[in-house]
Amino acid sequence: MTSYIVRRSTLALGAFTVLTFLVGCQDKRVKDLQTGITRDSVMSVAAKGTQGTDSMPSIYSSDRFLINGKTLEVLYFDSRNRKAGRDTVPYSQLTPLVMFDGKLVGKGWAAWDSIGKANKLTVPKH
């Protein structure tokens, strides 16, 4: 019985360590984004450190939805500046930036899952 408790505690500690590592590895640009900022500000922060004339730097792809006459937009941020169509990247390696009516309302999969569920939208598997 004791080995079961130890095994379960070790598993929980391991899961917590992995989660902490993944959160700690989040791109600095995503950490700098604050809810309520405009889409233009989001794009400026995402463009930091990139070069070239890309109109959407560090954005792999995006989705748009119309909800009660307002636009919900999800930008899938990629720290390595890969692009849909040119590169194949699993959604788990991207960070969704969720904007409603031109303002950032959430970032990360937890936010997108919650907003998508509340609005009965299909969220990509990640």
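This dialogue reads the sheet, the aromatic pairs, the salt bridges and one loop residue of a predicted model.

User: On what basis are the values for this model computed?

Analyst: The model is predicted: local features need pLDDT of at least 70, side-chain atom pairs count only at pLDDT 80 or more, and totals for chains, interfaces and linings use all residues. Residues are numbered from 1 along each chain as its sequence is written, and side-chain values use heavy atoms, with hydrogens and water left out.

User: In what order do the strands form the sheet, and is the pairing parallel or antiparallel?

Analyst: Strands of a sheet pair through backbone hydrogen bonds, in either a parallel or an antiparallel sense. Here an open sheet is formed by 4 strands in the order β1-β2-β3-β4, with antiparallel pairing. Strands (E, at least two residues) and helices (H or I, at least four) are DSSP runs, numbered from the N terminus; two strands pair if DSSP finds at least two bridges between them. The edges are held by β1 and β4 (103-107), each with a single partner strand, so one side of each has no neighbour in the sheet. From one strand to the next, the twist averages 25 degrees.

User: How many bridges join β3 and β4?

Analyst: The antiparallel pairing of β3 and β4 extends over 4 bridges. F100 has K103, in β4, as its bridge partner.

User: Which strands does helix α3 touch?

Analyst: Contact means heavy atoms within 4.5 Å. By that criterion helix α3 (residues 39-47) packs on the sheet and touches β1, β2, β3 and β4; its direction makes about 5 degrees with that of β2. Helix α4 also lies across β1, β2, β3 and β4, and runs at about 150 degrees to β2. For such angles, axes are lines fitted to C-alpha atoms, for helices over the stretch in contact, and the angles run from 0 to 180 degrees between N-to-C directions.

User: How many aromatic pairs does a search of the whole structure find?

Analyst: A pair of aromatic rings is described by the distance of the centres and the angle of the planes. The search finds 4 aromatic pairs. Rings of Phe, Tyr and Trp (its six-membered ring) pair if their centres lie within 6.5 Å; planes under 30 degrees apart count as stacked, over 60 as edge-to-face and the rest as tilted. One of the pairs is F65 with W112: the ring centres are 5.9 Å apart and the planes stand at 45 degrees, so this pair is tilted. F65 belongs to strand β1 (residues 59-67) and W112 to helix α4 (residues 109-118), so the pair ties together parts 47 residues apart in sequence.

User: Is W112 buried or exposed?

Analyst: Buried means under 20% relative accessible area, exposed over 50%, and partly exposed in between (1.4 Å probe, protein chains only). W112 is buried, with a relative accessible area of 0%, whereas F65 is partly exposed at 21%.

User: At what angle do the ring planes of Y76 and Y91 stand?

Analyst: Their planes are at 75 degrees and their centres 5.2 Å apart, so the pair is edge-to-face. The pair links distant parts of the chain, with Y76 in strand β2 (residues 70-77) and Y91 in the loop between β2 and β3 (95-100), 15 residues apart. Y76 is buried, with a relative accessible area of 0%; Y91 is partly exposed at 29%. Y76, Y91 and W109 form one aromatic cluster.

User: How many salt bridges does the structure hold?

Analyst: Side chains of opposite charge can pair when their charged atoms come close. A salt bridge is a side-chain nitrogen of Lys or Arg within 4 Å of a carboxyl oxygen of Asp or Glu, and the structure holds 8 of them. In one of them, E73 joins R39, with the closest N and O atoms 2.8 Å apart. E73 lies in strand β2 and R39 in helix α3, so the pair ties together parts 34 residues apart in sequence. E73 is buried, at 6% relative accessible area, and R39 is partly exposed, at 24%.

User: Which residues are linked with E73 in a network of salt bridges?

Analyst: The network links R39, R64 and E73. The side chains of E73 and R64 meet at 3.5 Å, N to O, and R64 is exposed at 56% relative accessibility.

User: Where is D78 placed?

Analyst: D78 lies in the loop between β2 and β3 and is buried, at 1% relative accessibility. Its side chain reaches the backbone nitrogen of R82 at 2.7 Å. Leaving aside neighbours within four places in sequence, D78 is in contact with S58, Y60, Q93 and L94.

Methods. A polar contact is a pair of N or O atoms within 3.5 Å; within protein, one must be able to donate a hydrogen and the other to accept it, and residues adjacent in sequence count only if both atoms are side-chain atoms.
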